[in-house]
Amino acid sequence: MDMQKLKSVIENVYSDKIPEIADICFLLNLQEKDAVDVLFEFADGVRDKYLGDEVILRGIVEFSNYCVGTCSYCGLNRFNSELKRYRLKADQIIDGAKEISRSGIKTIVLQSGQEDDLDSYWLKEIIEEIKVKYDLAVTLSIGEKSYQDYKLWREAGADRYLLKIETSDSNLYHKLHPEMSYQNRVRCLNDLSTLGYQAGSGNIIGLKGQNVENIAKDILFFKKMRLGMLSVTPFIPNMNTVLSNELPGDVMQTLKTLAVARIVTKTPHMPATTAIGSIDKKDWRLYALKCGANVIMPNFTPKNERMLYEIYPNKICFKENPTKAIDSLFQKIKNISRNINFSRGDAVYLSKQIS
Ligand code: 5AD
C-alpha cells in the first residue's frame, strides 16, 4: 500500500469540500491491516477533536413492536406473523425513565415500530411527564409520521429524532421496502430539521443488493443532512424475514464505514450499536469506539418485552440487566482508556461553532 497516497486521500475527504466518491470508495475498499489501522486512527483522532474522550450513554426504552413497515431485513416488519406484539403502558415507560434517571443517564430514547394507530396525544403526555419528573433529553425513534405529529411532540419537549435512511439509493430502498416511499422518508428528515429536532439518521451495511458505491453515497447524504446523530449497523439476518438466508454484513466493512463517516461528517454523535455488539461473540462495540463512535445505548425495556423487540436475533441486551450492564460497560470502557460521560450529549452544532 502506498501510505503517502492513503494519507492524502484521507486528508481530501477530511477537508470541508464535498469529497469525491472515488476517494470514499478507495477508503471503504482498504483491505491491508496497516492501511485500515491508519484509517481507524485518523477517525479516532477526529472523534477526539470534535467530541472529546468521553463515551456518552443513552437509555433506550422500546415501547412497542407493532409496525406497519415492510423493511425486509427487520423482524418487526408487518409480515412477520410469528412475532408476539406488545405495547407498554404509559406507567411502564415512565418507570423506564425513572430507572434511566437513577443510573445518572440524561437521555431517554423512546423507540418503537412504526405504529399507524399510535395515539399522538398519549405520547405527547408521556413526553411531558418525563420532562417534568426527570428532565431527561428525549429522543424519539418511531418512524415516518406527519409534520403535525412531529410538531406536537417537539412542542411537548422532544429534543431529538432518529430516522435512519437505511440506504440512500432510492432504487435499492424501494426493493428493500415494498410499498414504502423513499421521498416520504426524506420528507420526514427535512420536517424534523425544520422543526428544530436534533436529527439522526444512518444506514445498514451488508444489505442485499448494496455495493460499496451505495455506501459511499450514503456518507455523502449524511454530510449534506448536517446530522446531530449518525448510526451505522451491520445487517444481521432474522429467520422470520425474507432475507433469512442472506449472509450477515461484514464487521470490517461496518467499522470502515463508521470511520469514513466520522472523518467526512466530523461532529455527529455516533453509537457503537447494539447490532455490532451482537453480531458474534466478540463485543465489537469497543472496536467501534476506537474508530469514530462515542455513544453506547444501554437497554431499559422491561425484560419480558425486551425479548420481543427482535429486530434481529441474539441481541446482547436480551440477557442483561441494564444496571449491571452499565457496571460492566464502565469497566470495558475504562479498559480502553476512555471515560463515561453523564451529560445530555446534545448535538455539537448547538454548543460550538465548528470551523
Ligand atoms: N440487522 C441490523 N440492523 C437492523 N435494523 C433493522 N433490522 C436490522 C437487521 N436485521 C436497524 C434499522 C433500524 C434500526 C432500529 O435497526 O437500521 O433503523
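Author: A salt bridge is a side-chain nitrogen of Lys or Arg within 4 Å of a carboxyl oxygen of Asp or Glu. This is a predicted model. A search of the whole structure finds 22 such bridges.

Reader: Why is the meeting of Lys131 and Asp159 called a salt bridge?

Author: The N to O distance is 2.8 Å. The cut-off is 4 Å, so the pair counts. Lys131 sits in helix H5, residues 120-134. Asp159 is in the loop between helix H6 and strand E5. They are 28 residues apart, so the pair links distant parts of the chain.

Reader: What makes Glu166 a polar contact of the ligand?

Author: A polar atom of the Glu166 side chain is 2.6 Å from a ligand oxygen. The limit is 3.5 Å for N or O atoms, so this qualifies. Lys164 passes too: its side-chain N or O atom is 3.0 Å from a ligand oxygen. Ile236 uses a backbone N or O atom, 2.8 Å from a ligand nitrogen.

Reader: How much of the ligand does the protein bury?

Author: Taken alone, the ligand exposes 400 Å², and the protein buries 87% of that. The space taken by the ligand is the largest cavity.

Reader: Which classes of residue form the shell around the ligand?

Author: Eight are nonpolar, two polar and two charged. The residues around the ligand include Tyr73, Phe235 and Gln111. Lys164 and Glu166 are also among them. Lys and Glu count as charged, so these two belong to that class.

Note on methods
Residues are numbered from 1 along each chain as its sequence is written. This is a predicted model: local features need pLDDT of at least 70, side-chain atom pairs count only at pLDDT 80 or more; totals for chains, interfaces and linings use all residues. Side-chain values use heavy atoms; hydrogens and water are left out. A residue is near a molecule or strand if one of its heavy atoms lies within 4 Å of it. A polar contact is a pair of N or O atoms within 3.5 Å; within protein, one must be able to donate a hydrogen and the other to accept it, and residues adjacent in sequence count only if both atoms are side-chain atoms. Accessible areas come from the Shrake-Rupley method with a 1.4 Å probe; for residues, only the protein chains shown count as cover. On a 1 Å grid over the protein atoms alone, a cavity is a set of points where a 1.4 Å probe fits but cannot get out, and a pocket is an open set with protein on both sides within 12 Å along at least five of seven lines; lining residues have an atom within 4 Å of a point. A molecule sits in a cavity or pocket if more than half of its atoms lie within 2 Å of its grid points. Helices (H or I, at least four residues) and strands (E, at least two) are DSSP runs, numbered from the N terminus.
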